[in-house]
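Visitor: I would like to learn how to read a strand pairing and what surrounds it. Could you take me through one case?

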Amino acid sequence: MDELRMLSEQLERMSAEAEAVVAEWGAREFTGSADDGGVVATVDAAGTLLALDVSQLSKRRHDGVTLGDAVVAAVHAAEQAAAEAKTTMMRDLGAGAHLSTLMDQAQHDFDSRSTATPRQNPAQR
């Protein structure tokens with residue numbers, strides 16, 4: 001019973017830690033740029049565009065099509081930064097004890113107890 005309580009407490013701690021990491025990641029913003037920093041896109045953790053800054057120099061220097069290509073490149077770079085951060089976060093979360101490992105250990109403990117020879121009640125001897 002103590003082992004199950006310990007496993008339960010460990011699962012609870014791991015869950016709280018994972019929740020904190022995910023919340024921190026979810027609050028982050030990611031940027032990407034193009035045209036030597038003349039176009040900067042900012043996205044949230046989900047890749048939603050939050051801001052797009054285009055310098056006056058970039059506006060004057062490029063026609064609409066070229067400027068549009070730079071905007072798309074900046075947004076894609078920001079989305080890529082968010083995706084890479086997500087991958088890193090997921091890898092870091094997986095570096096600890098896995099839920100499946102804990103559950104396998106709990107199942108093993110349960111199975112070993114249930115197949116063990118039952119103790120005889122002293123009053124029945």
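Guide: Let us begin with one pair of residues: Phe30 stands opposite Val43 in β2. Strands here are DSSP runs of E with at least two residues, helices are runs of H or I with at least four, and both are numbered from the N terminus; two strands pair if DSSP finds at least two bridges between them. This is a predicted model, in which local features need pLDDT of at least 70 and side-chain atom pairs count only at pLDDT 80 or more, while totals for chains, interfaces and linings use all residues. Residues are numbered from 1 along each chain as its sequence is written, and side-chain values use heavy atoms, with hydrogens and water left out.

Visitor: In which sense do β1 and β2 pair, and over how many bridges?

Guide: The pairing of β1 with β2 (residues 39–44) is antiparallel and runs over 6 bridges. Gly32 also has a partner in β2, standing opposite Ala41, and in the hairpin of these strands, with 4 residues between them, Asp35 takes a positive phi near 55 degrees.

Visitor: What is the order of the strands in the sheet?

Guide: The sheet is open, with 3 strands in the order β1-β2-β3 and antiparallel pairing. β1 (29–34) and β3 (49–54) stand at the edges with a single partner strand each, so one side of each is left without a neighbour in the sheet. Between β2 and β3 there are 5 bridges in the antiparallel sense, and Ala41 stands opposite Leu52 in β3. The hairpin that β2 and β3 form has 4 residues between them, and Gly47 in its turn has a positive phi of about 90 degrees.

Visitor: Which residues have the most contacts inside the largest nonpolar core?

Guide: As a general idea, nonpolar side chains tend to be buried together in soluble globular proteins. A nonpolar core is a set of buried Ala, Val, Leu, Ile, Met, Phe, Trp, Tyr and Cys residues joined through side-chain atoms within 4.5 Å, where buried means under 20% relative accessible area, exposed over 50%, and partly exposed in between (1.4 Å probe, protein chains only). Here the largest core has 16 residues, and those with the most contacts inside it are Trp25, Phe30, Val39, Ala41, Val43 and Ala74. At least two residues of this core come from each of β1, β2 and α3 (64–95), and the largest share, 9 residues, is from α3.

Visitor: Is Thr42 buried or exposed?

Guide: Thr42, in strand β2, is buried, with a relative accessible area of 10%.
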